[in-house]
Amino acid sequence: MSDTPTPSGTQAPQEPSLDEQIAAYQREFRDLDPQVEKVVSALGRLNRRMNVAYGRQVADLGISNAEWEVLKTLVLSGAPYRLGPGELAKRLGLTPAAMTHRIDRMAGEGLVTRDRDENNRVRVIVELTDEGRQKWLEAMRMATDFEEELLQDLSTEERGVLGEMLIRLLRRVELTQPDAGGRLTDLD
């Protein structure tokens with residue numbers, strides 16, 4: 001295996017190929033199904049590399065992955081893009097303390113506002129600002145370009161088949177691991 005330059009210019013050891021990884025696993029665990037391992041390992045690597053790419057894109061916009069998740073969750077809630085901090089924490093699989101920290105940071109950056117609910121002064125509402133929505137839209141434009149490039153070698157039919165197969169895998173995980181939608185630990 002050769003070393004490859006990292007963005008900082010230092011040499012990082014290259015990850016073994018999937019075939020090398022599977023051969024090592026089989027050497028140590030003979031009951032391994034290489035077809036299953038190839039699919040699962042490829043999905044894991046793809047997910048990790050896509051997360052890095054998305055992280056770089058949002059960093060170029062001056063936001064973090066954690067902030068992107070809040071923007072996305074508010075947009076998914078629908079206009080007027082408002083949720084309570086408890087609901088945000090629940091949807092993101094975070095503790096209330098981690099959510100408060102994230103909201104504080106984002107309010108300071110002008111991405112969200114946090115105000116008392118006019119109908120219930122005890123309740124706090126987090127709302128997406130115009131600046132936050134613009135950051136979300138720009139991140140979506142960048143992600144769309146990246147995703148189109150990622151799938152450029154697949155025909156429309158292949159994209160449809162792959163999408164359906166991945167959804168079947170996702171449903172299986174959701175069925176057997178219903179609590180796996182959140183996080184094991186807070187990320188910030």
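Student: Is Val-39 buried, exposed or partly exposed here?
Tutor: In this predicted model, Val-39 has a relative accessibility of 45%, and because buried means under 20% and exposed means over 50%, Val-39 counts as partly exposed.

Student: And where does Val-39 lie?
Tutor: Val-39 lies in helix H2, the helix that covers residues 34-60.

Student: Which residues form the nonpolar patch on the surface?
Tutor: The nonpolar patch is formed by Val-36, Val-39, Val-40 and Leu-43, along with Val-161, Leu-162, Met-165, Leu-166 and Leu-169, and together these residues have about 710 Å² of accessible area.

Student: Which elements give two or more residues to it?
Tutor: Those elements are H2 and helix H7, the latter spanning 156-176.

Student: OK, and which one gives the most?
Tutor: The most comes from H7, which gives 5 residues to the nonpolar patch.

Student: Back to H2 for a moment: what about Arg-45, buried or exposed?
Tutor: Arg-45, which also has its place in helix H2, counts as buried, because its relative accessibility is 11% and the cut-off for buried is under 20%.

Student: What is Arg-45 in contact with, leaving aside its neighbours within four places in sequence?
Tutor: With those neighbours left aside, Arg-45 is in contact with Glu-15, Pro-16, Ser-17, Leu-18 and Gln-21.

Student: Changing topic, which peptide bond is cis?
Tutor: The bond from Ala-79 to Pro-80 is cis, and its omega is near 10°; Pro-80 itself is found in the loop that runs between helix H3 (65-76) and strand S3 (82-83).

Student: What is phi of Tyr-81 near?
Tutor: Phi of Tyr-81 is near 60°, which is a positive value in a residue other than glycine, and Tyr-81 is found in the loop between H3 and S3.

Student: Now the whole chain: how many helices and strands are there?
Tutor: The secondary structure of the protein comes to 7 helices and 5 strands, and, read along the sequence, these follow the pattern β-β-α-α-α-β-α-α-β-β-α-α.

Student: What share of the residues is buried?
Tutor: Of the 188 residues in the protein, 26% are buried. As for the surface, the accessible area of the protein comes to about 13000 Å², and 54% of that belongs to carbon and sulfur atoms.

Student: Last one: what share of the contacts comes from residues 24 or more positions apart?
Tutor: If one takes the contacts in the protein with a separation of 6 or more, residues 24 or more positions apart account for 47% of them.

Technical notes
Residues are numbered from 1 along each chain as its sequence is written. This is a predicted model: local features need pLDDT of at least 70, side-chain atom pairs count only at pLDDT 80 or more; totals for chains, interfaces and linings use all residues. Side-chain values use heavy atoms; hydrogens and water are left out. Helices (H or I, at least four residues) and strands (E, at least two) are DSSP runs, numbered from the N terminus. Buried means under 20% relative accessible area, exposed over 50%, partly exposed in between (1.4 Å probe, protein chains only). Contact means heavy atoms within 4.5 Å. Accessible areas come from the Shrake-Rupley method with a 1.4 Å probe; for residues, only the protein chains shown count as cover. Patches are made of residues with over 30% relative accessible area and no salt bridge: like charges are joined within 9 Å, nonpolar side chains (Val, Leu, Ile, Met, Phe, Trp, Tyr) within 5 Å. A salt bridge is a side-chain nitrogen of Lys or Arg within 4 Å of a carboxyl oxygen of Asp or Glu.
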